[in-house]
Amino acid sequence: MEDNQEDLKEQLEDEEEEDISESEKLPFPPPPFRSTRLHIQRSNVCSRAYFVVVMVFFHVYILNVIALLLYVHYNNGPEDLIPSEAASSSAINDGGSPLPRSAPSSTELHLDDYSQSFSLPRIEGIRVGHVQRISLASDKTLVMKTLSLKPLIFEIPGFLSEEECRVVVQLAQLKGLMETQTPALVQGHDESNLPLLSLSTEEVFGLLDLNQDGLLQKQEIVSHSRSRDGTWLSAESLRQILINLEARPTGTVTLEDFKRIYAESQSTTQRTGKLTNQYKQRNKNTWLYQGPGSHHVLQTLKKRVIGLTRLPSSLVELSEPLQVVRYEHGDYSDAHYDSSPTNPETSCAHTRLASNTSTLTEVSCRYLTVQFYLSSVEEGGETTFPVADNRTYDEDGLVQDGIDLTDTQQTCHRGNLRIRPTVGMALLWYNHLSDGKGWMGDMDEYSLRGDCPVKRGLKWVASSWINVDPDHLQQARYQRLVAQRHQVKSGLEDYYQPLSHNNLHQDL
């Protein structure tokens, strides 16, 4: 028995020695339970501090991004709102190799583009005589020459083929031409051809005072000007009256004050109304639609205008139709401006749909003009720019030694720049300066132009005007309104689309 106990004791001692030897073989002894708890607590503290640091840096980064976006938004003008079409590479190059330009693939209206804001690209003239190569089609390269810097005028020979010119002339003849009316006559500015009314100042005041309260308010002046029934009072006189009325603290004018204001307005009109009141022309014209469904030559011509001017297509789509004019023997047009100066008393005619304010007059706002010669003229018929590249411009200087430079019938040969009509040639000139921020600025006073009398032959020309409102926000509102109206119209057409015979048979 004692021997068994000793054997058992020795066995237990051997097992303990084995356990001790195995524990010694471990690289480190297992930590006690308390040290394990302390390790877990330190890990939690480190993780929480790391999370706080990461979140602080993340918020600082977000704030920096927001600040950068606000800076860009408030420090950039409308020139940064450029659609991809306008921001594409230019097709104009100073060197010998033309840059390719992809033409629009469809004649459909891209209505989604109408609600965008645009910048207005502007071709650089460099210097008079400078030549640039342009590519408006994959297989045709044209040469564009700078003719003037004030205003900026370019000449592009061969812009249209003779066949294309013939088609445009035939379409105009098919549409029918009518005698051109002088804009001054349409707007009631030309008082020389109107019945002469002998009205006293008191009678004029009484006609303007619609509510007969003895005072003139702004609403009465604006209402009178828009009714167009007072042809005896020019828009310039109304403008002078309105300026004086708004300068008064009470916002009203009495009869005694009106006598002085009216006398001043009449004298001012006589001094400054020459260009608008005495502008005359004689020719016949018509307008050709260039949208979807029109002749393919007219649509091709519109695409070339888009490529030449580098303007967004939707902006060109919303501009005036193509005007075609025929000058016969002796026909002419005095020197005039295609566009109008901007001031608070006027609004652009093409954006009147988006205007909520009343103005004295609606005027044409034409950023640039592209003119096409559809025929050559045997003698006469030149396009003249009387004051192109003058050092200075002064309206009073247009009359020199009793000779009026705006009268193309008498003084066409004295114009600074005269271009002889050549079939297929195009002219491009800017009627407005740039505002320095990528938009349209003041009217270029040097863009005064006219048409010399045709002495022998016929003169056919076509003009494409690009309408732009000097207020880019007004232009954007107008384009959004047009887009909404087109969407409503297209929706109604889909709703009221008549059933075909097959669908009707199936329904029955």
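Student: So two strands pair if DSSP finds at least two bridges between them. How many bridges join strand 12 to strand 18, then?

Tutor: Five, and the two strands run antiparallel. Strand 12 covers residues 366–373, and one pair to look for is Thr369, whose bridge partner in strand 18 is Trp429. Bear in mind that this is a predicted model.

Student: Which other strand is joined to strand 18 by bridges?

Tutor: Strand 4, residues 152–156, is joined to strand 18 by four bridges, again antiparallel. There, Ile156 has Ala426 as its bridge partner.

Student: Why is strand 18 described as largely enclosed?

Tutor: Strand 18 spans residues 426–430, and five of its five residues are buried, so the rest of the structure largely encloses it. A residue counts as buried when its relative accessible area is under 20%.

Student: Which way do its side chains point?

Tutor: Ala426, Leu428 and Tyr430 point one way from strand 18, while Leu427 and Trp429 point the other way. Residues on both sides are buried.

Student: Let me zoom out. How many helices and strands does the protein have?

Tutor: There are 14 helices and 23 strands. The protein has 508 residues, of which 42% count as buried. Also, taking contacts between residues at least 6 apart in sequence, 78% join residues at least 24 apart.

Student: Back to strands. What is the order of the open sheet of five?

Tutor: The order is 6-9-21-14-17, with antiparallel pairing.

Student: Which strands stand at the edges?

Tutor: Strand 6 (281–282) and strand 17 (417–419) do. Each has a single partner strand, so one side of each has no neighbour in the sheet. For strand 6, two bridges join it to strand 9, residues 332–336, and they run antiparallel. Gln281 sits opposite Ser333 of strand 9.

Student: What comes just before strand 9? I'm looking at Asp331.

Tutor: Asp331 is in the loop between strand 8 (322–327) and strand 9. Its side chain reaches the backbone nitrogen of Glu328 at 2.8 Å.

Student: Is Asp331 buried or exposed?

Tutor: Buried: its relative accessible area is 7%, and the cut-off is under 20%. Leaving out residues up to four places away in sequence, Asp331 touches Arg282, Asn283, Arg326, Cys452, Pro453 and Val454.

Student: And strand 8, which strand does it pair with?

Tutor: Strand 7 pairs with strand 8 in the antiparallel sense, over five bridges. Thr286 in strand 7 has Val324 as its bridge partner in strand 8. Strand 7, residues 284–288, also pairs antiparallel with strand 5, residues 178–179, over two bridges. In that pairing, Glu179 is matched with Lys284.

Student: Another loop now. Where is Pro386?

Tutor: Pro386 is in the loop between strand 14 (383–385) and strand 15 (399–400). Pro386 is buried, at 4% relative accessibility.

Student: What does Pro386 touch?

Tutor: Apart from residues up to four places away in sequence, Pro386 touches Ala335, Leu405, Gly415, Asn416, Leu448 and Arg449. Pro386 and Arg414 are 28 residues apart in sequence, with their C-alpha atoms 7.1 Å apart in space.

Student: OK, helices. At what angle do helix 3 and helix 10 pack?

Tutor: Helix 3 (residues 162–175) and helix 10 (residues 296–309) pack at about 120°, with their axes 10 Å apart. That angle makes helix 3 oblique to helix 10. The crossing of the two is left-handed.

Student: Which residues meet there?

Tutor: From helix 3 come Glu164, Val167, Val168 and Leu171, which meet Val297, Leu298 and Arg304 of helix 10.

Student: Last one: which helix has Phe258 in it?

Tutor: Helix 8, residues 255–272. Phe258 is buried, with a relative accessible area of 0%.

Student: What is Phe258 in contact with?

Tutor: Setting aside neighbours within four places in sequence, Phe258 is in contact with Thr201, Val204, Phe205, Leu208, Leu216, Ile241 and Val253. You can also find Leu215, 43 residues from Phe258 along the chain, with 9.5 Å between the two C-alpha atoms.

Terms used:
Residues are numbered from 1 along each chain as its sequence is written. This is a predicted model: local features need pLDDT of at least 70, side-chain atom pairs count only at pLDDT 80 or more; totals for chains, interfaces and linings use all residues. Side-chain values use heavy atoms; hydrogens and water are left out. Buried means under 20% relative accessible area, exposed over 50%, partly exposed in between (1.4 Å probe, protein chains only). Contact means heavy atoms within 4.5 Å. A polar contact is a pair of N or O atoms within 3.5 Å; within protein, one must be able to donate a hydrogen and the other to accept it, and residues adjacent in sequence count only if both atoms are side-chain atoms. Axes are lines fitted to C-alpha atoms, for helices over the stretch in contact, and angles run from 0 to 180 degrees between N-to-C directions. Angles under 35 degrees count as roughly parallel, over 145 as roughly antiparallel, 65 to 115 as roughly perpendicular and the rest as oblique. A crossing is left-handed if the near helix is turned anticlockwise from the far one by less than a right angle, and right-handed if clockwise.
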